[in-house]
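Hi,

Here is the structure I promised to pass on. Have a look at it first, and then read my notes below.

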Amino acid sequence: MAIYEGSFTDASTLKLGIVVARFNDLITSKLLSGCLDCLKRHGVDTSESSSNLDIVWVPGSLELPIAAKSIINKSKYDVLITLGAVIKGDTSHYDVVVSEASKGISKVSYESNIPIIFGVLTTDTMQQALERAGIKNNLGWNYALQAIEMGSLIKNLN
Ligand code: INI
């Protein structure tokens, strides 16, 4: 019997890409900081000269899938993280943005066989988003942990 699991002990050899939406930048920049903090503490070189980490900014969550697809075609990654914030109070097309972003990201992940963490906060209010981006907890940290787990797992399985 074989049991496969991701490892959290050393992420220094993982090649990661983060695609982050500028829309609701107050939230997404905090998610990015939490994410980078977690990666750094797990051995990832997060400096500007890092050859194992790339960051791509896009206008909004709807653009996350195409940017994810483009960087996958450009370079070989073990895992990607997508970060966005869709807040219901702000938009009448909340459902469209959430649905298209999630479907698009899943499609790119399945077609490329590269895990892509769905780090898009979907909340009713800005207050809820703030709470998940640092006031209470920073989910950016969780998304980074999930990326380390999935990146190392799929690397081992391939
Ligand atoms: N993009 C988001 O990331 N979050 C939102 O809450 C949001 N709202 O409210 O509309 C949003 N819209 C922009 C969208 O993602 C695209 O950037 C835009 O439609 C251009 O294609």
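**What I found**

Let's start with one residue, Thr-123. Leaving out neighbours within four places in sequence, Thr-123 is in contact with Val-86, Ile-87, Lys-88, Tyr-94, Gln-128, Ala-129 and Arg-132. You'll find Thr-123 in strand β4. Is Thr-123 buried or exposed? Its relative accessibility is 2%, so Thr-123 counts as buried, the cut-off for that being under 20%.

Before you go further, keep in mind that this is a predicted model.

Now zoom out to the whole chain. The protein has five helices and four strands, and along the sequence they follow the pattern β-α-β-α-β-α-β-α-α. The radius of gyration is 15 Å, close to the 15 Å that the globule rule gives for 158 residues, so the protein is as compact as a globular protein of that length. If you draw a box along the principal axes, the C-alpha atoms fill roughly 45 × 35 × 30 Å.

How much of the protein is buried? Buried residues make up 46% of the 158. As for the outside, the accessible surface comes to about 8,300 Å², and 52% of that belongs to carbon and sulfur atoms.

Contacts are worth a look too. Take those with a separation of 6 or more: 80% of them are between residues 24 or more positions apart.

Next, the inside. In soluble globular proteins, nonpolar side chains tend to be buried together. Here the largest nonpolar core has 26 residues, and Leu-16, Ile-18, Leu-39, Ile-81 and Leu-83 touch the most other members. Which elements supply at least two residues each to this core? They are β1 (16–21), α1 (25–41), β3 (79–87), β4 (116–123) and α5 (139–157). The largest share, six residues, comes from α1.

Try clicking on Leu-16 in your viewer. Not counting residues up to four places away in sequence, Leu-16 touches Leu-39, Val-44, Asn-52, Leu-53, Asp-54, Tyr-77, Val-79, Ile-81 and Ala-147. Apart from the core of 26 residues lies another one, of 19 residues, which includes Ile-71, Tyr-94, Val-98 and Ile-105. You've already met Tyr-94 as one of the contacts of Thr-123.

Last, the charges. The protein has 14 positive and 16 negative charges, and their mean positions are 2 Å apart.

Cheers

Conventions. Residues numbered from 1 in each chain as written. Predicted model: local features only at pLDDT ≥ 70, side-chain atom pairs only at ≥ 80, totals over all residues. Heavy atoms only, no water. Rg over C-alpha atoms; globule rule 2.2 N^0.38 Å. Buried < 20%, exposed > 50% of the residue type's maximum accessible area, 1.4 Å probe, protein only. Contact = heavy atoms within 4.5 Å. Areas by Shrake-Rupley, 256 points an atom, 1.4 Å probe, with all protein chains shown as cover. Lys, Arg positive; Asp, Glu negative; His and termini not counted. Charge placed at Lys NZ, Arg CZ, Asp CG, Glu CD. Core = buried A, V, L, I, M, F, W, Y, C linked by side-chain atoms within 4.5 Å.
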